[in-house]
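User: Could you take a close look at one helix for me, and walk me through how it sits in the rest of the fold? I'd like one connected answer rather than a list.

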Amino acid sequence: HWTANEKAAITSTWAKVNIEKDGAEALTRLFIVYPWTQRYFSSFGNLSIVDTISSNENVRAHGKKVLGAVGNAIQHLDDVKGTLANLSKEHAADLHVDPENFKRLAQVLLIVLATKLGAGFTPQVAAAWQKFSNVLVAALTHGYH
Ligand code: ZNH
């Protein structure tokens, strides 16, 4: 259900992403805008001191893991649901993450990408990413049913 243009828009954007740096930035924004999401990461140190977040090693390592999984999904655009099935189950059964938070993280990730791409974040690129965000969130939420 992807057009060639959509696939190209997503993979070409992704090629510019630094999964550790941009992942930490997306998590940082999540923690600032939705501070209650910090509670899932009680082992990560003091996240309430906003200025320290981006240099928090745990946040960087976790950002890299999360965006690594997003990159894996992008390599399997025709089966995102299957690719993320185990990860979804893990978030539901073990981590007990409220799936509303997937939407929030997908949203902040779009903002990070748009900021990074500037004029390169064209309406076409934005639309392809919006669609991918929806597919990503649906796949991660699937294991909750
Ligand atoms: Zn998550 C983990 C991905 C979202 C919370 N995650 C994780 C991992 C991965 C991920 C890959 C690792 C796993 C293993 O190792 O086994 N995530 C992801 C993605 C997304 C997410 C892709 C979207 C996009 N998460 C999320 C959210 C939250 C979370 C939103 C909340 C808020 N996760 C989490 C936790 C964990 C995880 C808590 C665990 C961590 C540690 O280390 O402990």
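Analyst: Here is a walk along helix H4, followed by what lies around it. Keep in mind that this is a predicted model. The protein averages a pLDDT of 94, with 95% of the residues scoring at least 70, and the model comes with an ipTM of 0.98 and a pTM of 0.96.

Let's start with the geometry. H4 runs over 57-75. Its 19 residues, at 1.5 Å a residue, should span 27 Å, and the end C-alpha atoms are indeed 27 Å apart, so the expected and modelled spans agree.

Now for the sides of the helix. Which residues of H4 are buried? They are Val59, Gly63, Leu67, Val70, Ala73 and Ile74. These residues cover an arc of only 105 degrees around the axis, so they sit on the same side of H4. The spacing makes sense if you recall the general rule: an α-helix has 3.6 residues a turn, so residues three or four places apart point the same way. Turn to the face directed away from that buried side and you find the exposed residues Glu57 and Gln75.

What does the buried side join? H4 is among the elements giving two or more residues to the largest nonpolar core, along with helix H2 (19-33), H7 and H8. That core has 28 residues, and Ala73 is one of those touching the most other members, together with Ala26, Leu105, Leu109 and Leu136. As a general point, nonpolar side chains tend to be buried together in soluble globular proteins.

H4 also has a part in the ligand site. It supplies at least two residues of the shell around the ligand, as do helix H6 (85-95), helix H7 (100-117) and helix H8 (123-142). There are 18 residues around the ligand, and Ala69 is among those that come nearest, with Thr37, Tyr40, Asn101 and Leu105. Leu105 therefore turns up twice in this story, since it is also one of the core residues that touch the most other members. By class, the shell has 13 nonpolar, 3 polar and 2 charged residues.

Next, the approach to H4. Ser55 lies in the loop between helix H3 (50-53) and H4. With 10 other C-beta atoms within 10 Å, Ser55 is exposed, because the cut-off for that class is 12 or fewer. Its C-alpha is 9.9 Å from that of Lys21, although the two are 34 residues apart in sequence.

A second long-range pair involves the helix itself. Val70, one of the buried residues of H4, is 12 Å from Asn18, C-alpha to C-alpha, across 52 residues of sequence. Asn18 lies in the loop between helix H1 (4-14) and H2, and it counts as partly exposed, with 13 C-beta neighbours inside 10 Å.

One last stop, away from H4 but next to two other helices of the ligand shell: His96 is found in the loop between H6 and H7. Its phi is positive, about 50 degrees, although it is not a glycine. His96 is exposed, with 8 other C-beta atoms within 10 Å.

So, back to your helix: H4 keeps its buried residues on the same side, gives residues to the largest nonpolar core, and also supplies part of the shell around the ligand.

Note on methods:
Residues numbered from 1 in each chain as written. Predicted model: local features only at pLDDT ≥ 70, side-chain atom pairs only at ≥ 80, totals over all residues. Near = placed C-beta within 6 Å. Helix = DSSP H or I, 4+ residues; strand = E, 2+ residues; numbered from the N terminus. Nonpolar A, V, L, I, M, F, W, Y, C, P; charged D, E, K, R; others polar. Core = buried A, V, L, I, M, F, W, Y, C linked by C-beta atoms within 7 Å. Buried ≥ 20, exposed ≤ 12 C-beta atoms within 10 Å, placed from the backbone. pLDDT = per-residue confidence, 0-100. Expected span 1.5 Å × (residues − 1). Arc of directions from axis to C-beta.
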